[in-house]
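Q: Please take a close look at one kind of side-chain pairing in this structure, the salt bridge, and follow it outward to the elements and the chain contact around it. I would like the cut-offs stated as you go.

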Amino acid sequence: MAKQEHQNIMDKIASANKSVTTGVDEKDIEHWVTIYIMGDEYKVPADLTIMQAMEFAGFKFTRSCGCRAGFCGACSTVYRLKNDYKLQTDMACQTRVQDGMFLVQIPFAPADKAAYLINEETYQPNIFIKYYPEIARCVSCNTCTKACPQDLQVMDYIQAALRGDFARVAELSFDCIQCGLCAIRCPAEIVHYHVAQLGRRMYSVHGLKKEENVENRVKEIEKGKFNQDFKKFLDMDEQEIKQAYRDQQKSKEVY
Amino acid sequence: MAKKYTLINGYPEYMRESIKLVEKTRNKRVGKLPKPMTLEERDELLNLCHPDYAPGGKRKISVGVNQGDIAPNEVADLLESKPLVDSKDIDLTKPDFETDLLIIGGGLAGTSAALLANDNGIPAEKILLVNKLRHGDSNSIMAQGGTQAADRPNDSPAIHFIDALGGGHFTNKPEVLKALVEEAPLSIKWLCDLGVLFDREPDGSFTELSGGGTSRKRMHACRDYTGMEELRVIRDEFRSRNIPFLEFYPAIELLTDPENGKVTGALLWGLETKEYMVVKAKATIMATGGFGRLHIRGFPTTNHYGATYDGAVIAYRAGAKLRDTDTVQYHPTGAAYPQQIIGLLLTEKLRTSGAQPLNKKGESFVYPLEPRDVEASAFIRECYINDNGVSTPSGMKGIWLDTPMIDLVKGKGATAKSFPGMIRMFNRFGIDMTKDPVLVFPTLHYQNGGIETDPGGKTNIPGLFVAGEVSGGVHGKNRLMGNSTLDCIVFGRISGVEAAQYIKSCKGKDKLSLNHIDNWNQQLINAKIKSPLKAPILFPEYRGKAVLARMIDIF
């Protein structure tokens with residue numbers, strides 16, 4: 001293939017991706033919606049997320065923007081739709097704008113985290129109450145669950161923590177991105193995601209058996225079991241090492 | 001841009017027609033895969049279609065230690081940039097912090113480094129971890145697929161070594177790679193001992209999967225939230241030890257001793273208050289991550305908002321040597337549809353669990369688990385040379401990733417159990433990936449090269465250590481899946497230990513200066529760099545063009 005053709009392919013790819021790499025150009029937009037960012041009205045392209053729409057409107061983020069992919073919990077956003085009493089919560093990077101949305105981002109969730117040495121704690125159900133006694137104030141209103149952008153059963157894991165059920169806390173809270181929306185909405189002032197973090201670590205360290213393969217392998221490495229293999233490979237010339245690679249790929253494990 | 005289409009379960013009608021072809025061939029494809037490529041076939045394909053090998057888009061670096069090396073234009077522009085500050089405006093005589101260890105960047109690498117330095121005799125209060133955004137805002141937290149460690153009886157660190165060397169086209173720095181694979185099982189054990197919940201089988205052993213270019217199953221995952229689980233656990237440990245940290249204070253220059261060029265701290269800048277802060281430190285660990293937000297060659301990216309190459313830029317000015325600046329990793333499976341999530345990562349674990357890449361006719365055209373650069377090139381060839389890609393309403397082309405196959409291969413419910421994050425992402429936009437395939441195209445994922453290091457995380461400058469994506473050498477010219485979180489943890493830990501030892505040997509007569517940036521400015525003049533950018537840039541620019549055109553900078 002001609003070099004020029006290769007270059008043309010790269011140009012085509014760059015051009016198709018312009019909207020996410022250099023910001024949106026309004027010339028390209030056919031469909032618009034009106035949103036209200038902290039009360040001010042903005043006309044924005046209908047196909048954007050809240051985060052992209054705020055940038056289109058001229059906001060440059062230093063807070064409330066992290067991974068932009070739904071994993072870090074930085075971009076908690078609360079909003080109401082016109083003629084709807086319901087206060088909604090979501091991640092700005094994972095939510096499409098809707099016409100008539102009134103929104104604000106939450107820059108920070110104030111919350112105190114308990115300090116503990118996980119290996120020195122005993123595997124007793126009362127550890128949750130020891131570090132986070134306020135969980136006993138839970139009134140089972142389920143507001144935390146409704147606020148969770150990950151759709152986790154937040155109230156259920158707080159109830160599990162009250163019962164001292166470590167496995168259940170770990171299972172139900174595992175997908176928590178620690179955005180803090182539960183803690184901000186809770187009338188009992190519980191900081192759910194810190195409770196969950198304590199529960200998961202306790203369950204892992206004290207509730208699970210040590211994994212044998214990795215424990216054995218660490219000992220084998222300490223004893224120098226693989227030193228000979230490494231020496232062999234490090235002494236090989238390029239052709240020999242390529243052949244070793246080919247041979248190894250033949251014994252590939254797939255699914 | 002988008003015409004209004006009627007969507008049926010998230011996809012426009014015309015894409016549904018192609019999905020029907022995918023469904024038609026699905027059962028026949030179970031257990032049948034195209035043959036893996038030979039080394040020679042891989043090279044041929046890379047030369048034909050990989051963005052690194054395409055003409056244009058890169059040039060020689062014209063100033064500094066790596067003068068003459070090739071880098072993408074976006075990277076070269078930053079390496080040839082001028083500082084944000086003038087040394088005359090900065091008062092270095094009264095440091096705001098005097099500490100033993102400064103760590104720049106709080107992802108997996110920086111956080112691991114802090115814990116190990118603390119374990120090795122540096123008191124918590126003599127460590128300072130600084131972050132551009134929040135502690136943990138990083139590419140680490142977005143890592144989905146897993147962490148490699150050769151711990152099963154049929155595997156060994158030496159087999160892991162050969163896999164990674166082949167994946168990197170035999171350009172990896174062997175002694176650094178050896179440290180990576182040898183320390184891998186210990187790193188997994190360390191994470192478990194701190195409370196990370198890796199996926200387990202009913203008998204209690206780790207669930208382990210293969211990855212592109214691996215010959216054994218050694219991927220340790222935490223559902224599809226691997227990096228998040230690893231990071232939140234070690235961050236919780238970090239907070240429990242009361243180690244000091246700053247958030248929203250990016251480092252904008254290193255500080256050096258005028259007599260010997262040693263790194264003696266850093267200059268920070270407060271994003272909220274706009275004032276500078278001076279940190280004096282006996283040792284500095286650079287753990288600032290990668291450069292996805294530079295959008296090299298116009299590709300979208302999987303990376304977090306702050307992935308703008310800052311650490312490499314300021315270290316380069318201080319004289320740090322880089323390597324493999326010419327290579328960039330494009331992950332084969334970035335989202336290509338819907339528009340709201342273009343470029344975001346769809347983990348390689350989907351393919352290791354049975355999802356096959358298919359063209360618009362529903363045909364399998366490439367072995368699903370080639371190393372990433374090869375797999376990505378095959379997707380580009382299928383879309384742009386063979387013209388078998390699926391067009392999207394926003395003008396992209398993409399390849400189907402047949403995710404409903406996962407339940408066929410691994411059993412009903414397997415997708416829901418292993419990929420809650422992926423399912424959630426697509427559900428938010430009306431697509432059920434357990435029933436329908438998802439559309440993908442290569443996306444900018446990883447900075448293969450970086451600051452050169454030895455197996456101890458040491459650079460060519462005394463006082464400066466590196467760990468994680470900002471470093472170069474361990475992966476050569478292409479990284480394998482599961483070796484990045486591993487890189488961060490292994491070299492975070494090692495650099496923490498090495499820095500602690502180095503600190504104990506320091507005499508404590510270090511001086512602070514910005515002399516190196518004065519020298520740098522002179523070098524830029526000598527090299528006749530025309531209108532250099534100001535850097536580090538800290539964040540990409542995504543504001544609307546109409547707004548930018550009317551912007552006035554008043555205060």
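**Salt bridges and their surroundings**

A: B:Glu348 and B:Arg351 form a salt bridge in which the closest N and O atoms are 3.8 Å apart, the term meaning a side-chain nitrogen of Lys or Arg within 4 Å of a carboxyl oxygen of Asp or Glu. This is a predicted model, in which local features need pLDDT of at least 70 and side-chain atom pairs count only at pLDDT 80 or more, while totals for chains, interfaces and linings use all residues. Residues are numbered from 1 along each chain as its sequence is written, chains are lettered from A and ligands numbered from 1 in the order in which they are written, and side-chain values use heavy atoms, with hydrogens and water left out.

B:Glu348 also meets B:Arg372 in a salt bridge, at 2.5 Å from N to O. That second pair links distant parts of the chain, since B:Glu348 sits in the loop between strand S15 (329-335) and helix H9 (349-352) of chain B, whereas B:Arg372 belongs to helix H10 of chain B, 24 residues apart. Helices (H or I, at least four residues) and strands (E, at least two) are here DSSP runs numbered from the N terminus, and on that basis helix H10 of chain B covers residues 372-384.

How buried or exposed are the partners in these pairs? B:Glu348 is buried, with a relative accessible area of 1%, and B:Arg351 likewise counts as buried at 1%, while B:Arg372 is buried at 6%; buried means under 20% relative accessible area, exposed over 50%, and partly exposed in between (1.4 Å probe, protein chains only). Leaving aside residues up to four places away in sequence, B:Arg372 touches B:Glu348 along with, among others, B:Gln329, B:Tyr330, B:His331, B:His445 and B:Arg479, where contact means heavy atoms within 4.5 Å.

A pair in chain A has other accessibilities: the side chains of A:Lys225 and A:Glu220 meet in a salt bridge at 3.6 Å from N to O, with A:Lys225 exposed at a relative accessible area of 51% and A:Glu220 partly exposed at 23%. Over all chains, the count comes to 57 salt bridges by this rule.

Between the chains, the rule finds 11 salt bridges across the interface of chain B and chain A. One of them joins B:Asp236 to A:Arg201, with the closest N and O atoms 2.8 Å apart. Through shared partners, salt bridges join A:Lys113, A:Arg201, B:Asp119, B:Asp236, B:Glu237 and B:Arg241 into one network.

The interface also holds 47 residue pairs in polar contact, both residues at pLDDT 80 or more; a polar contact is a pair of N or O atoms within 3.5 Å, where within protein one must be able to donate a hydrogen and the other to accept it, and residues adjacent in sequence count only if both atoms are side-chain atoms. On the side of chain B that touches chain A, helix H6 (residues 174-194) of chain B gives the most, with 11 residues. The residues of that side divide into 61 nonpolar, 28 polar and 35 charged, with Ala, Val, Leu, Ile, Met, Phe, Trp, Tyr, Cys and Pro counted as nonpolar, Asp, Glu, Lys and Arg as charged, and the others, Gly among them, as polar. The contact takes 124 residues from chain B and 99 residues from chain A. Together the two chains bury about 10100 Å², 57% of it on carbon and sulfur atoms; buried area is the accessible area (1.4 Å probe) that two parts lose on being put together, summed over both.

Strand pairing within chain B completes the picture. Strand S18 (residues 397-402) of chain B has 5 of its 6 residues buried, so it is largely enclosed by the rest of the structure. S18(B) runs antiparallel to strand S16 (residues 356-358) of chain B, to which 3 bridges join it, and B:Leu358 has B:Trp400 as its bridge partner in S18(B); two strands pair if DSSP finds at least two bridges between them. S18(B) also pairs in the antiparallel sense with strand S19 (residues 438-446) of chain B over 3 bridges, where B:Ile399 stands opposite B:Val440 in S19(B). Strand S17 (residues 390-391) of chain B pairs with S18(B) over 2 antiparallel bridges, and these two strands form a hairpin with 5 residues between them, B:Gly395 in the turn having a positive phi of about 95°.
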